[in-house]
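Biologist: I would like a close look at a single part of this model, its nonpolar interior, followed outward as far as you can take it. Please go through it slowly and keep to what the coordinates support.

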Amino acid sequence: MTKVPLTAGLSFSRIIHGLWRLPDWNMTTKELLDFIRQAMDMGVTTFDHADIYGDFSCEKLFGDALAPEPGLRQKIQIVTKCGIKPVTKKYPGRKIKVYDYSREYIFRSVENALANFRTDYIDVLLVHRPSPMLNPEELAAAFAYLKQSGKVLHFGVSNFTPGQYDMLNSYLDDKPVTNQVEISPLCLEHFENGNMDFFLKERIKPMAWSPLGAGRIFKPETEQEHRVFEALTEIAEELNTDSVDKVAYAWLLKHPAGIMPVAGTGSIGRLKLAVEALDLDMSLEQWFRIYVASTGEELP
Ligand SMILES: NC(=O)c1ccc[n+]([C@@H]2O[C@H](COP(=O)([O-])OP(=O)(O)OC[C@H]3O[C@@H](n4cnc5c(N)ncnc54)[C@H](OP(=O)(O)O)[C@@H]3O)[C@@H](O)[C@H]2O)c1
């Protein structure tokens, strides 16, 4: 599979696997290791996590699965995120969710991640969400320390607007290597808020979360979902595939920004469809039919 170079010393697989839903898959440690191995055999080497996934359980489940095969660690890229403090029984006493990018909280999150993954480095740490209370000087100093100590090799952001990215970047030594945002045939927000233009201008390769609309493209309920499902199904027929998934992934992959879909499936067969979408070539007209089905309006 094509590797996507993001900065010196860092490339992601074009298709990334996301582990947010890991607890739903009810996999044993051995089944998860088999899944990781099969994903790697298909060229999927980048795995997306966050401290909060599975109520703070997913990083450790993944680390436990990798443990019997320590040689795999250096062949994969571990992405994780921090900063969201949800209300959870795990951390009693919190009255509401807050975002915390203080030096202490970031350091603690990274130490937890290193222990959970049983590794001594995280490939990429993402700021999970922008915060109205983010102190960029403090964050930049924390990043510099983590980089210098070798605990985190690279930094990125998630759910940032161009302005938020620019602001943080102005305090950092190295620009954030990616911005992970929601992009799918059901979510065109970043085509409309200037982010796509910004990615192209800055040569930032975005990661796309919920590339299949969190599974909603298969169970259409709203009018938009019905229009998109119909367009994807028609185009799947035209492209001689019975997989709506493949068409949705191919739609993301065709965009010139070099979108890297973060597939959230727990099925290795469905992850394979994402990989096969790399060979599915849709026409410009087919791309626009999906876009227009999503907006519900002809182009001006
Ligand atoms: N940065 C952020 O704020 C943020 C937010 C959300 C998610 N993420 C990341 O993005 C990743 C992907 O998000 P996501 O899980 O919402 O992605 P997704 O790929 O859009 O949705 C995955 C869901 O779709 C279902 N699905 C896939 N193919 C299907 C099919 N053919 N028929 C029916 N259902 C199907 C999957 O079920 P099966 O497992 O049964 O295939 C799974 O429940 C997450 O794991 C996480 O790493 C990041």
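Of the 82 residues in the largest nonpolar core, which touch the most other members?

Modeller: The structure is a predicted model, and what follows should be read with that in mind. In the largest nonpolar core, which has 82 residues, Ala 208 and Leu 232 are the ones that touch the most other members. The largest share of this core is contributed by helix α10, spanning residues 244-254, with eight residues.

Leu 232 is a convenient starting point. Once its neighbours within four places in sequence are left aside, Leu 232 is in contact with Pro 185, Ile 217, Val 244, Val 247, Ala 248 and Ile 290. Ala 208 leads in another direction, to Pro 261, whose contacts beyond four places in sequence take in Ala 208 together with Ile 15, Ile 16, Pro 211, Tyr 249, Leu 252 and Ala 274. Pro 261 belongs to strand β12, and it counts as buried because 27 other C-beta atoms lie within 10 Å, where 20 or more are needed. A further link runs from Pro 261 to Ala 250, eleven residues away in sequence, with their C-alpha atoms 9.8 Å apart in space.

Through strand β12 we reach the barrel. It is closed and has eight strands, in the order β3-β4-β5-β8-β9-β10-β11-β12, with parallel pairing, and the twist from one strand to the next averages 30°. The pairing of strand β3 (residues 16-18) with strand β12 (residues 260-263) is parallel and rests on two bridges, and within it His 17 stands opposite Ala 263.

Both members of that pair return in the surroundings of Leu 271, which lies in helix α11, residues 268-276. Residues up to four places away in sequence not counted, Leu 271 touches His 17, Ala 39, Val 44, Ala 263 and Thr 265. Leu 271 has 21 C-beta neighbours inside 10 Å and is therefore classed as buried, a count to be set against the threshold of 20 or more. Leu 271 and Ile 15, although 256 residues apart in sequence, have C-alpha atoms that are 8.7 Å apart in space.

Elsewhere in the barrel, strand β8 (residues 122-127) is mostly covered, since five of its six residues are buried. β8 pairs with two strands that can be described in turn. With strand β5 (residues 77-82) it forms a parallel pair over four bridges, in which Val 79 stands opposite Val 124 of β8. With strand β9 (residues 152-158) the pairing is again parallel, over five bridges, and here Leu 126 stands opposite Gly 156 of β9.

The ligand site can be placed beside this picture. Around the ligand there are 24 residues, of which Gly 18, Trp 20, Leu 212, Gly 215 and Gly 264 come nearest. Gly 18 falls within the span of strand β3, residues 16-18. Sorted by class, this shell has eleven polar, nine nonpolar and four charged residues.

Some parts away from the barrel strands deserve a careful look, beginning with helix α2. Asp 55 has its place in this helix, which spans residues 53-56, and its phi is near 50°, a positive value in a residue other than glycine. Asp 55 counts as exposed because it has 12 C-beta neighbours inside 10 Å. Phe 56, also found in helix α2, has a positive phi of about 65° although it is not a glycine, and with 16 other C-beta atoms within 10 Å it is therefore partly exposed.

Helix α3 (residues 58-66) and helix α4 (residues 103-117) have axes that come within 7 Å and cross at roughly 35°. In their contact, Glu 59, Lys 60, Phe 62 and Gly 63 of α3 meet Ala 113, Asn 116 and Phe 117 of α4, and by class it has three nonpolar, two polar and two charged residues.

The last part to describe is a hairpin. Strand β1 (residues 3-7) and strand β2 (residues 10-13) run antiparallel and are joined by four bridges, with Val 4 opposite Phe 12 of β2. Two residues lie between these strands, and in the hairpin Gly 9 takes a positive phi near 80°.

Definitions and conventions. Residues are numbered from 1 along each chain as its sequence is written. This is a predicted model: local features need pLDDT of at least 70, side-chain atom pairs count only at pLDDT 80 or more; totals for chains, interfaces and linings use all residues. A residue is near a molecule or strand if its C-beta atom, placed from the backbone, lies within 6 Å of it. Ala, Val, Leu, Ile, Met, Phe, Trp, Tyr, Cys and Pro count as nonpolar, Asp, Glu, Lys and Arg as charged, and the others, Gly among them, as polar. Two strands pair if DSSP finds at least two bridges between them. Axes are lines fitted to C-alpha atoms, for helices over the stretch in contact, and angles run from 0 to 180 degrees between N-to-C directions. A nonpolar core is a set of buried Ala, Val, Leu, Ile, Met, Phe, Trp, Tyr and Cys residues joined through C-beta atoms within 7 Å. Two residues are in contact if their C-beta atoms, placed from the backbone, lie within 7 Å.
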